[in-house]
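Student: I'm new to this protein and would like some help finding my way around. Please start with the big picture, then zoom in on one part.

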Amino acid sequence: MHRPLEPARRIRYLEMQPGALYKSRDIPTRRVNFMPRYAFYLIAGLLFSFSVFAARGPEVPDYQAEEMAPGVFVIHGPLDYPTPQNQGFMNNPAFLVTDSGVVVVDPGSSVQTGEMVLRQIRKVTDKPLLAVLNTHVHGDHWLGNQAMRDAVPEVPIYGHPKMLEAVEAGAGQSWVDLMMRATEGATEGTEVVAPNKPVDDGDEIAVAGLTFRIHYYGHVHTHSDLMIEVPEKELLFLGDNANNGRIVRMDDGSFAGTVAALEQLKKDASAKVLVPGHGRTGGWEIVDANRDYMATLYGSVETLFEEGLSDFEMKPQIVEQLVAFKDWVGFEDELGKHISLAYLQAEEAAF
Ligand SMILES: [Zn+2]
């Protein structure tokens, strides 16, 4: 059977006989039978498929975008923490559609979630993507930036300067790693794409014929929380400063800061449609409920701290005071941690 010569073998043969000149067809073929050729192609093929397919987790299935106000769409994500089942998707990506284009708020937790968001946008409009806004540094809200950038390389992505700083300092990669662990690799292929446009309290971004008015209150749920008001739509994005029917993770948050921010927000912003970071879109009752939860919890911890109780001794009394919130997703799991965190903050405030 005729076999074409492989270049590597030809070179070796020529090197072995310095000075010899051959046309390639004159060179005798010498088979080196360390591995049958079909095995070589099989192994090479397998390595190639691993490198192509293992580098990316599976697609996130479509979740329906709901139109909560004219041209305002919210994809209400699952309420649990990131799991292999939800593939890390757990927030409320939103998009606004006008005659001139599309603006996305919080495109989700992975490149796959971001791509799912793009698919939902394309079901509604073929207008161009003009801007992306990120409410805060937690990766479940913004790792989908990658898909937005892939689709439109020049798209501006807005975030608070403290978020840009934190991502630069490594918070983005920590979130990529956390998502990979929690989803057992479903988010594989996700990379850090940070905001590139800093915005701060009082700034107004004019895009797509709309105004995005920024509210920032310092240390609230994190140090980087934007709440975003869109007056033309009577719309307000709350980020994770308030969730609906779900306990907010407070590992990076301030209880007193959240109470103060939510009270101030009621004076500073007006809106009819309020989109929380997690849970159903609604009205101001979302803000009131979160304010009440935080104020009750922190107030009780402060009082019991004054009385000299330790955090675990306080828990039974505090559970009773928070009975109105006992059905919130995560209440059982998170309350102990909330009390411990609030205890540390009350202690710090007392000295
Ligand atoms: Zn968050």
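What share of the contacts in the protein with a separation of 6 or more comes from residues 24 or more positions apart? After that, please give me a close look at the loop between β2 and β3, where Gln87 is found.

Tutor: Happy to! Before anything else, this is a predicted model: local features need pLDDT of at least 70, and side-chain atom pairs count only at pLDDT 80 or more, while totals for chains, interfaces and linings use all residues. Residue numbers start from 1 along each chain as its sequence is written.

Now your share: it's 69%. Contact here means that the C-beta atoms of two residues, placed from the backbone, lie within 7 Å. The protein has 351 residues, and 42% of them count as buried. For burial, you count the other C-beta atoms within 10 Å of a residue's own, again placed from the backbone: 20 or more is buried, 12 or fewer is exposed, and in between is partly exposed.

As for the parts list, there are eleven helices and twelve strands. Both are DSSP runs numbered from the N terminus: helices are H or I with at least four residues, strands are E with at least two. Seven of the strands, in the order β1-β2-β3-β4-β5-β6-β7, make an open sheet with mixed pairing. Its edge strands, β1 (66-69) and β7 (197-198), each pair on one side only. Pairing, by the way, takes at least two bridges found by DSSP between two strands.

That brings us to your loop. The strands on either side of it, β2 (residues 72-74) and β3 (residues 94-97), run antiparallel and are joined by three bridges. Look for Phe73, which sits opposite Phe95 in β3. In the loop between these strands you'll find Gln87. Gln87 isn't a glycine, yet its phi is positive, at about 55 degrees. Is Gln87 buried or exposed? It counts as buried, because it has 26 C-beta neighbours inside 10 Å.

For contrast, try Glu234, in the loop between β10 (227-230) and β11 (235-239). Glu234 is another residue other than glycine with a positive phi, near 50 degrees. Glu234, though, has 14 other C-beta atoms within 10 Å, so it is partly exposed.

One more spot to visit is the hairpin of β8 and β9, with two residues between the strands, where Ala208 takes a positive phi near 60 degrees. Four bridges link β8 (residues 204-207) with β9 (residues 210-215), and these strands run antiparallel. Within that pair, Ile205 has Phe212 in β9 as its bridge partner.
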